[in-house]
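Got a minute for a quick tour? Here's a short briefing to read with the structure open beside you.

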Amino acid sequence: MGFEEDLLSLIKSGYPLIWTETYDEAYVRSVLLDISRNGGYRFYEWSLTKGLCSAHTGECLYDSKEPLKMAKNLNDLADNVNSRAFYALYDADKYLDNPVVLRYFKEFLEKIKGSERTAVIISPSYKEIKDLYSYTARLCGGYPDEKEIFALINSHLESFRKQNPRLSVSLKPDEARKIIRLFSGLTSEQIRRIINRCLLDDLSFDSSDISRIEKAKKEIFDREGLLEYFPSSQNGELGGFENFKKWLSLRRKFFAGRDPSLPAPKGVMIMGAPGSGKSLSAKVAAGELGLPLYRLDIARLYSKYIGETEENLRKVFDILSKLSPVCVWIDELEKIFSSSSGEIDGGVSSRVLGAFLTWMQEKKDEIFVVATSNDISKVPYEFLRKGRFDEIFFSPLPSGEIREKIFAIHCSKRKIALAPDVIKKLAQLTEGFSGGEIEQVIISALYSKDESRPFEFFIQEEIKKTRPLSAIRPQETAALKNWAQERQIPNV
Ligand SMILES: Nc1ncnc2c1ncn2[C@@H]1O[C@H](COP(=O)(O)OP(=O)(O)OP(=O)(O)O)[C@@H](O)[C@H]1O
Ligand SMILES: [Mg+2]
């Protein structure tokens, strides 16, 4: 249901007070205007600056600016006018601390209870006022829905074009759909401002603006910087991981909106050797699912102040549900559950764990979690049970064939052309190397190369100089592999 339908159904169900929690006063007002015109309601509104006025005629009641006068005037109105009506009150919550205002206000609510008259508090936040409990219905949101966003974008682009005829708009239908989805949860004013930012520097609105909108939206909701925006990657940048890619392509159906009967995918966990491409695979997951990617900053989550860590976590869940559909990447998951200081943490880690597990189990929004870890011994067992994540994958050190692909990917990224048989040979020389180590030898060779010999010579030299981690710590590497095998965790 959209906001207008929600509001209408609350009005019809006879609540004397609806508390709308919104940043978009103008939007809520326009919806109320619509409902009042269509349904033949009178529409009064009050603000501290204007007093009590009729929204339809603009006529204001004399001397009604003071909150106490407002509360008294509302009582008079309720006594004298009993046709269907709304009373929209801007920021009224700020004045209900005053016991006299509150008393009058309650009497007013008593009077309009059960009639077709409704008070609507419009405020950015909800405040618990026990005296008003039994009268109040709470409504969050108050943002334009997708249809309205579409209309808003169009009309904004049109009016921009009048002043800047050179404006070019080129979006494919799925890109436009993505932008509309990204704008949901934002106020009309915020949407207009973000569009302006996209338009002003290059006078065009196209797919390159998507990441900009993703970032802008995150800035609005995440003022504490608990989540970090990351650009996503595509399948082609990741060598191997064929099982994982196939698994992702099946999940894509859900996010592309093709089959709404499918349950929302919860997420995936990737464990494995250091440098084996776990972090890169998180970026690929977001890219393939077509979701914006944010990384949870664990260091910022933990606070030395009592109770603040849990509060931060609650904020993260809240922000994510506003950013949804979204992909959240939790790098080195084990760190969340073991606060880094090693001191006794007063049970914070176990409370964080509990909150996390409940959230994973119950989250309804389209939030896809990609968690990575290379120290499975520290990941609590509860996390590994099926049902938390849809799947757990193990990323081993790459096989020869995959090493060839990794060489090819990183060479072509740096515009280095190597013949297939050369790549094959390099892959043979790098048994036991991780993807990260392969990338590193290529980078080092770029520094040591000169004109005297072909490039592959310098790569070979760097390979000779490198002792991969799997050779430095063979037991750990083997233990990790055995761990995954014993638990029948599928390879990526
Ligand atoms: N399969 C792969 N295909 C392409 N590049 C890879 C692959 N594996 C690793 N790399 C490259 O190696 C670098 C390190 O990879 P990444 O950071 O994803 O590894 P990781 O498993 O997350 O490591 P860590 O455990 O240290 O966090 C990346 O820059 C990536 O480009
Ligand atoms: Mg990593």
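Two strands count as paired when DSSP finds at least two bridges between them. Keep in mind that what you're looking at is a predicted model. With that in hand, look for an open sheet of six strands in the order 9-11-12-13-10-14, with mixed pairing.

**The six-stranded sheet**

- Strand 9 (227-230) and strand 14 (391-395) sit at the edges with a single partner strand each, so one side of each has no neighbour in the sheet.
- From one strand to the next, the twist averages 25°.
- Strand 11 (residues 293-296) runs parallel to strand 12, and three bridges pair them. One of the spots to look at is Arg295, whose bridge partner in strand 12 is Trp329.
- As background, strands of a sheet pair through backbone hydrogen bonds, in either a parallel or an antiparallel way.

**Strand 13, covered on both faces**

- How many residues of strand 13 (residues 367-373) are buried? Seven of its seven, so to speak of it as mostly covered is fair.
- Ile367, Val369, Ala371 and Ser373 point one way, while Phe368, Val370 and Thr372 point the other way, and all are buried.
- Strand 13 pairs in the parallel sense with strand 10 (residues 267-272) over five bridges, and Val268 stands opposite Val370 there.
- Strand 12 (residues 326-330) is also joined to strand 13 by five bridges, again running parallel. Here Trp329 has Val370 as its bridge partner.

**Helix 12, packed on the sheet**

- Helix 12 touches strand 9, strand 11, strand 12 and strand 13 as it packs on the sheet, and its direction makes about 145° with that of strand 12.
- Its length checks out: at 1.5 Å a residue, the 16 residues of helix 12 (residues 308-323) should span 22 Å, and the end C-alpha atoms are indeed 22 Å apart.
- Which residues of helix 12 are buried? They are Thr309, Leu313, Val316, Ile319, Leu320 and Leu323.
- Looking down the axis of helix 12, these buried residues fall within an arc of 125°, so they line one face of the helix.
- The general rule behind such patterns is that an α-helix has 3.6 residues a turn, so residues three or four places apart point the same way.
- Exposed Glu311, Arg314 and Asp318 are on the face of helix 12 turned away from the buried side.

**Helix 1, at the start of the chain numbering**

- In helix 1 (residues 3-12), the buried residues are Phe3, Leu7 and Ile11. They cover an arc of only 70° around the axis, which puts them on the same side of helix 1.
- Those buried residues pack against strand 1 (17-21), helix 2 (25-39), strand 5 (117-123) and strand 6 (136-140).
- Turned away from the buried side of helix 1 is a face with exposed Glu5, Ser9 and Lys12.
- After helix 1 comes Gly14, with a positive phi near 90°.

**Two nonpolar cores**

- The largest nonpolar core has 53 residues, and those with the most contacts inside it are Ala285, Val326, Cys327, Val328, Trp329, Ile330 and Val370.
- Helix 10 (residues 278-289) gives the most to this core, with six residues.
- Leaving out residues up to four places away in sequence, Ile330 touches Leu296, Ile336, Val369 and Ala371.
- Apart from the largest core lies another one of 52 residues, including Leu7, Ile11, Val31 and Val120.

Technical notes
Residues are numbered from 1 along each chain as its sequence is written. Chains are lettered from A and ligands numbered from 1 in the order in which they are written. This is a predicted model: local features need pLDDT of at least 70, side-chain atom pairs count only at pLDDT 80 or more; totals for chains, interfaces and linings use all residues. A residue is buried if 20 or more other C-beta atoms lie within 10 Å of its own, exposed if 12 or fewer, and partly exposed in between; C-beta atoms are placed from the backbone. Helices (H or I, at least four residues) and strands (E, at least two) are DSSP runs, numbered from the N terminus. The expected span of a helix is 1.5 Å times one less than its number of residues. The arc is that of the directions from the helix axis to the C-beta atoms. Axes are lines fitted to C-alpha atoms, for helices over the stretch in contact, and angles run from 0 to 180 degrees between N-to-C directions. Two residues are in contact if their C-beta atoms, placed from the backbone, lie within 7 Å. A nonpolar core is a set of buried Ala, Val, Leu, Ile, Met, Phe, Trp, Tyr and Cys residues joined through C-beta atoms within 7 Å.
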